[in-house]
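Visitor: I should like a close look at a single part of this model, followed outward into the elements around it. Please give the account as one connected description.

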Amino acid sequence: FYRATLGGAEALRLEAVTGSLAAGKSGDFVVVDPRRLLAFAPQPTDAMGPEELLAALLYLGQQQAVEATFVQGRCVYRAG
């Protein structure tokens, strides 16, 4: 996860402007509600540890779990 975010920004010497969710940095990101994975997960998400939850998001994630999408800090999609 680090390599895909801050590590990648550091490799490009862009860590001052992107690569994390720190205030003032530019970035695109998706907000996911892990409770919406319940239909796809082998166990309830509240019983999962961080590693299992991340794996469920990566391998079982469905568009129904997306709460919002942000591009350069602006919300471009919100569920509901």
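Guide: With a relative accessibility of 63%, Gln-72 counts as exposed, because the cut-off for that class is over 50%. The structure is a predicted model, and Gln-72 is a suitable place to enter it, since this residue is found in the loop between E2 and E3. The backbone of Gln-72 has a positive phi of about 50°, although the residue is not a glycine. Most residues other than glycine have a negative phi. The hairpin of E2 and E3 has two residues between the strands, and Gln-72 is the one reported there with a phi near 50°.

From this loop one may follow the two strands of the hairpin. Strand E2 covers residues 66–71 and strand E3 covers residues 74–78; the two pair in the antiparallel sense over four bridges. Three pairings can be traced along them. Phe-70 of E2 stands opposite Cys-75 in E3. Thr-69 has Tyr-77 as its bridge partner in E3. Ala-68 has Arg-78 as its bridge partner, again in E3.

The hairpin is part of a wider arrangement. E2 also pairs with E1, again in the antiparallel sense and over four bridges. One of the facing positions is Val-32, which stands opposite Val-66 in E2. The result is an open sheet of three strands in the order E1-E2-E3, with antiparallel pairing. E1 and E3 are the edge strands, each pairing on one side only. On average, neighbouring strands of this sheet are turned by 25° against each other, direction ignored.

The side chains of E1 and E2 add a further connection. A pair of aromatic rings is described by the distance of the centres and the angle of the planes. The count of such pairs comes to one. The partners are Phe-29 and Phe-70, whose rings are stacked at 4.8 Å centre to centre with 15° between the planes. Because Phe-29 lies in strand E1 and Phe-70 in strand E2, the pair ties together parts that are 41 residues apart in sequence. The partners fall into separate accessibility classes: Phe-29 counts as partly exposed at 32% relative accessibility, whereas Phe-70 counts as buried at 17%. Phe-70 is therefore below the limit of 20% that applies to buried residues. Phe-70 thus takes part in the stacked pair with Phe-29 and also faces Cys-75 across the hairpin.

E1 leads on to a surface feature. Phe-1, Val-30, Val-32, Leu-54, Leu-57, Leu-58 and Tyr-59 form a nonpolar patch on the surface, with about 740 Å² of accessible area together. Strand E1 (29–32) and helix H2 (50–60) are the elements that give two or more residues to this patch. The largest share, four residues, comes from H2. Val-30 is a member of the patch and lies in strand E1. With a relative accessible area of 45%, Val-30 is partly exposed, because that class lies between the limits of 20% and 50%. Val-32 likewise belongs to the patch, and it is the residue that stands opposite Val-66 in E2.

The stretch ahead of E1 holds another positive phi. Arg-13 lies in the loop between H1 and E1, and its phi is near 55°, a positive value in a residue other than glycine. Arg-13 is exposed, with a relative accessible area of 76%. Gln-72 and Arg-13 may therefore be read together: Gln-72 counts as exposed, and so does Arg-13.

Helix H1 supplies a buried position. Ala-9 has its place in helix H1, which covers residues 6–11, and Ala-9 counts as buried at 6% relative accessibility. Ala-9 and Gly-19 are ten residues apart in sequence, while their C-alpha atoms are 5.1 Å apart in space.

The hairpin can now be placed in the whole chain. The protein chain has two helices and three strands, and from the N terminus on its elements run α-β-α-β-β. Of its 80 residues, 18% count as buried; Ala-9 and Phe-70 are among them.

Methods. Residues are numbered from 1 along each chain as its sequence is written. This is a predicted model: local features need pLDDT of at least 70, side-chain atom pairs count only at pLDDT 80 or more; totals for chains, interfaces and linings use all residues. Side-chain values use heavy atoms; hydrogens and water are left out. Two strands pair if DSSP finds at least two bridges between them. Patches are made of residues with over 30% relative accessible area and no salt bridge: like charges are joined within 9 Å, nonpolar side chains (Val, Leu, Ile, Met, Phe, Trp, Tyr) within 5 Å. Accessible areas come from the Shrake-Rupley method with a 1.4 Å probe; for residues, only the protein chains shown count as cover. A salt bridge is a side-chain nitrogen of Lys or Arg within 4 Å of a carboxyl oxygen of Asp or Glu. Buried means under 20% relative accessible area, exposed over 50%, partly exposed in between (1.4 Å probe, protein chains only). Axes are lines fitted to C-alpha atoms, for helices over the stretch in contact, and angles run from 0 to 180 degrees between N-to-C directions. Rings of Phe, Tyr and Trp (its six-membered ring) pair if their centres lie within 6.5 Å; planes under 30 degrees apart count as stacked, over 60 as edge-to-face and the rest as tilted.
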